Amino acid sequence: MALKTVRSVAELRAAVAAWRRAGESVGLVPTMGALHRGHISLVEAARTHCRRSIATIFVNPKQFGPREDFARYPRQEEQDRTLLDAVGCDLLFAPPLSEMYAEGFATTVSLVGVTDRWEGEARPGHFAGVATVVTKLLLQAMADKAFFGEKDYQQLQSVKRMVRDLDIPVEIVGCPTVRDADGLALSSRNAYLSETERKVAPALYRAITGVAAAAREGHDLDATIEAATAALLKAGFAAVDYLALVDAATLAPLATLDRPGRVLAAAKLGAVRLIDNVAAIPR
Ligand code: AMP
């Protein structure tokens, strides 16, 4: 296996320093593991943009709420290592909890504005957990570029905002969402879906693409969203947390598609919470 695994920040920094001395560029792909083709597409993007690629696997407790799935989040490092090796990733950084949050850890990075609504509202503390760990990973690796999926669109926009605000010297590259043939966005949490739920799940993608198309046609937005929500519930979703047309940059709600937009949704299917989003492009 050409893939090297390190577990300490010191080893990570030594590997990056050696590449820097050789004049090689470095791309970083932060993940929580249980890797699928979506994650692998980020590593491929890193390999296209940069000479060296680093993937990180860290299930970050700070971004899970007290009633969320931290304890049962899938952990399968051996399988992940095989996938990373096959795609030509150079280095895996998989630190233990104590390496990331030493005794007495006291710092939080948090944003306002871009994180106020949607996932931020549904999952209090989530984005502070994400911003804190991403800041650490970016400063630990000091890569030239870091790659994030559009699948987590609010996260991507928040990380871009934070990197600008804090002058973190890295370019954030957003990568398109990888989907199954029926439209369902790949997610580590899809593993929680029962066979029946898996068949219902693509209705979420149909709902958001439908809203994006209707917004572009200038149809009544409230009525469109109401109908799409009803269709999700009828298909078998238990609840729709939000389904909204927003400004693609600020994530503020949009009444009409008069600028680049995004349709964001989160909905519960049984015990599983799915999120997805698509671009809404004005005529
Ligand atoms: P996670 O392991 O869920 O924290 O995700 C790690 C990175 O992979 C994040 O930047 C996600 O946005 C990205 N990602 C997750 N699922 C997909 C997908 N289906 N397509 C593209 N990127 C994804």
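Which ring does the charged end of Arg75 sit over? Select Arg75 and Phe70 to find out: the ring belongs to Phe70, and the charged end of Arg75 is 4.8 Å from its centre. Keep in mind throughout that you are looking at a predicted model.

**Stop 1: another charge, and an aromatic cluster**

Now pick Lys62 and Tyr101. Lys62 lies over the face of the Tyr101 ring, 4.6 Å from the ring centre. Leave Tyr101 selected and add Phe58 and Phe105, since these three residues make up one aromatic cluster.

The structure has five aromatic pairs. In the pair formed by Phe58 and Tyr101, the ring centres are 5.9 Å apart and the planes make 55 degrees, so this pair is tilted. Zoom out a little and colour by element: Phe58 is in the loop between strand S3 (52–57) and helix H3 (77–86), while Tyr101 is in the loop between helix H4 (97–100) and helix H5 (119–122), so the pair ties together parts that are 43 residues apart in sequence. Turn on a surface and check both. Phe58 is buried at 6% relative accessibility, and Tyr101 is buried too, at 13%.

**Stop 2: a pair with a longer reach along the chain**

Next, select Trp118 and Tyr242. They form a tilted aromatic pair, with 5.5 Å from centre to centre and 55 degrees between the planes. Trp118 is in the loop between H4 and H5, and Tyr242 is in strand S7 (residues 239–247), so this pair ties together parts 124 residues apart in sequence. Are these two buried or exposed? Trp118 is buried, with a relative accessible area of 11%, and Tyr242 is buried with a relative accessible area of 11%.

**Stop 3: the three-strand sheet**

Tyr242 has already brought you to S7, so show the cartoon there. S7 belongs to an open sheet of three strands, in the order S7-S8-S9, with antiparallel pairing. At the edges stand S7 and strand S9 (272–280), each with a single partner strand, so one side of each has no neighbour in the sheet. From one strand to the next, the twist averages 10 degrees.

For a closer look, select S7 together with strand S8 (residues 261–269): eight bridges join them in the antiparallel sense. One pair to label is Leu243, whose bridge partner in S8 is Ala265.

Then follow the chain to Leu251, in the loop between S7 and S8. Check its backbone: phi is positive, about 65 degrees, although Leu251 is not a glycine. Leu251 counts as buried, at 2% relative accessibility.

**Stop 4: the six-strand sheet**

Swing over to the other open sheet. Its six strands run in the order S1-S4-S3-S2-S5-S6, with parallel pairing. The edge strands are strand S1 (4–6) and strand S6 (171–175), each pairing on one side only. Here the twist averages 25 degrees from one strand to the next.

Now add helix H2 (residues 37–49). H2 packs on this sheet and touches strand S2 (26–31), S3, strand S5 (145–149) and S6; the direction of H2 makes about 150 degrees with that of S5.

Which residues of S3 are buried on each side? Show side chains for S3: Arg52, Ile54 and Thr56 are buried on one side, and Ser53, Ala55 and Ile57 on the other. In a regular strand, side chains alternate between the two faces of the sheet. In total, six of the six residues in S3 are buried.

Check the partners of S3 as well. S2 and S3 pair in the parallel sense over six bridges, and Val26 has Arg52 in S3 as its bridge partner. Three bridges join S3 to strand S4 (residues 91–93), again running parallel; there, Ala55 has Leu92 in S4 as its bridge partner.

**Stop 5: two helices and a last backbone check**

Select helix H1 (residues 9–21) and helix H6 (residues 126–141). Their axes are 8 Å apart and they pack at an angle of about 45 degrees, so H1 and H6 are oblique to each other. At the contact, Val9, Leu12, Arg13 and Val16 in H1 meet Leu139, Gln140 and Ala141 in H6.

Finish at Asp167, in the loop between helix H7 (153–165) and S6. Asp167 is not a glycine, yet it has a positive phi of about 55 degrees. Asp167 is exposed, with a relative accessible area of 65%, whereas Leu251 from Stop 3 is buried.

Note on methods. Residues are numbered from 1 along each chain as its sequence is written. This is a predicted model: local features need pLDDT of at least 70, side-chain atom pairs count only at pLDDT 80 or more; totals for chains, interfaces and linings use all residues. Side-chain values use heavy atoms; hydrogens and water are left out. Rings of Phe, Tyr and Trp (its six-membered ring) pair if their centres lie within 6.5 Å; planes under 30 degrees apart count as stacked, over 60 as edge-to-face and the rest as tilted. Helices (H or I, at least four residues) and strands (E, at least two) are DSSP runs, numbered from the N terminus. Buried means under 20% relative accessible area, exposed over 50%, partly exposed in between (1.4 Å probe, protein chains only). A charge sits over a ring if NZ of Lys or CZ of Arg is within 6 Å of the ring centre and within 35 degrees of the ring normal. Two strands pair if DSSP finds at least two bridges between them. Axes are lines fitted to C-alpha atoms, for helices over the stretch in contact, and angles run from 0 to 180 degrees between N-to-C directions. Angles under 35 degrees count as roughly parallel, over 145 as roughly antiparallel, 65 to 115 as roughly perpendicular and the rest as oblique. Contact means heavy atoms within 4.5 Å.
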